[in-house]
Amino acid sequence: MGFLNGLLGNADTVSIEEVKKEWGKILAQGEEIAAAYKLIRDYIILTPKRIIFIDVQGITGTKIEISSYPYRSIIGFSIQTAGVMDSNAELLITVANRVTPIKYKFDKNINIYEVQAVIADAIANEGK
């Protein structure tokens, strides 16, 4: 991940193998990672069944909040592509029983269409 992107708050792609090594312990047995993104110390992990948000907190990073949302709880989501003068694209996810949408910014070099395609496919295939 580019240092400047991290400072600007933009998520960047991260190796699935790196994520499995670091966070494989939170995956269900047989659960695979479809895509993963990193924002400084935080992660977004997309599996075929759920989205996992990992929020590493504090100076030492010893406090970690892990939020998991099955795709069936997603009411809707939207993307906003980066423009000519924009440095990022955005993903907003509205989840049931949550007042505010979850919002993440992605570096404009990330194909935001691929991110939304993973989410859309998972939602479409939920329960199949």
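I'll start with the pocket. Ten names to look for on the screen: L39, D42, F53, D55, E65, S67, Y69, R98, I102 and Y104 line the largest pocket. Its volume is about 170 Å³. Strands β4, β5 and β8 each put at least two residues into that lining, and β5 gives the most, with 3. Keep in mind that this is a predicted model.

So how far can the model be trusted? The mean pLDDT of the chain is 84, with 88% of residues at 70 or more. Confidence peaks in strand β5, residues 63-70, at a mean of 94. That is the strand that gives the most to the pocket lining. At the other end is helix α1, residues 3-8, where the mean is 38, the lowest in the chain. Across residues 1-9 the pLDDT stays below 50, although in the model this stretch has 14 contacts beyond near neighbours in sequence. Where pLDDT is low, predicted coordinates should not be read in detail.

Next, the overall layout. The chain has 3 helices and 8 strands, in the order α-β-α-β-β-β-β-β-β-β-α. Of its 128 residues, 38% count as buried. The accessible surface comes to about 7600 Å², and carbon and sulfur atoms hold 53% of that. Taking contacts with a separation of 6 or more, 37% are between residues 24 or more positions apart.

Now the interior. Which residues touch the most other members of the largest nonpolar core? They are L46, I51, I93, F106 and V115, out of 22 residues in that core. The elements supplying at least two residues each are β2 (35-39), β3 (42-46), β4 (50-57), β7 (88-95), β8 (102-107) and α3 (112-125). There is also a second, separate core of 12 residues, with V19, I26, Y43 and I54 among them.

One single residue to finish on: T94, in strand β7. Is T94 buried, partly exposed or exposed? Its relative accessibility is 32%, so T94 counts as partly exposed; the buried class ends at 20% and the exposed class begins over 50%. Leaving out residues up to four places away in sequence, T94 touches S73, I74, I75, G76 and P101. For S73, which is 21 residues from T94 along the chain, the C-alpha atoms of the two are separated by 8.7 Å.

That covers the pocket, the confidence, the layout, the cores and T94.

Conventions:
Residues numbered from 1 in each chain as written. Predicted model: local features only at pLDDT ≥ 70, side-chain atom pairs only at ≥ 80, totals over all residues. Heavy atoms only, no water. Helix = DSSP H or I, 4+ residues; strand = E, 2+ residues; numbered from the N terminus. Buried < 20%, exposed > 50% of the residue type's maximum accessible area, 1.4 Å probe, protein only. Contact = heavy atoms within 4.5 Å. Areas by Shrake-Rupley, 256 points an atom, 1.4 Å probe, with all protein chains shown as cover. Core = buried A, V, L, I, M, F, W, Y, C linked by side-chain atoms within 4.5 Å. pLDDT = per-residue confidence, 0-100. 1 Å grid on protein atoms, 1.4 Å probe; cavity = no way out; pocket = protein on both sides within 12 Å on 5 of 7 lines; lining within 4 Å. Points joined across faces, edges and corners; volume = space filled by probe spheres on them.
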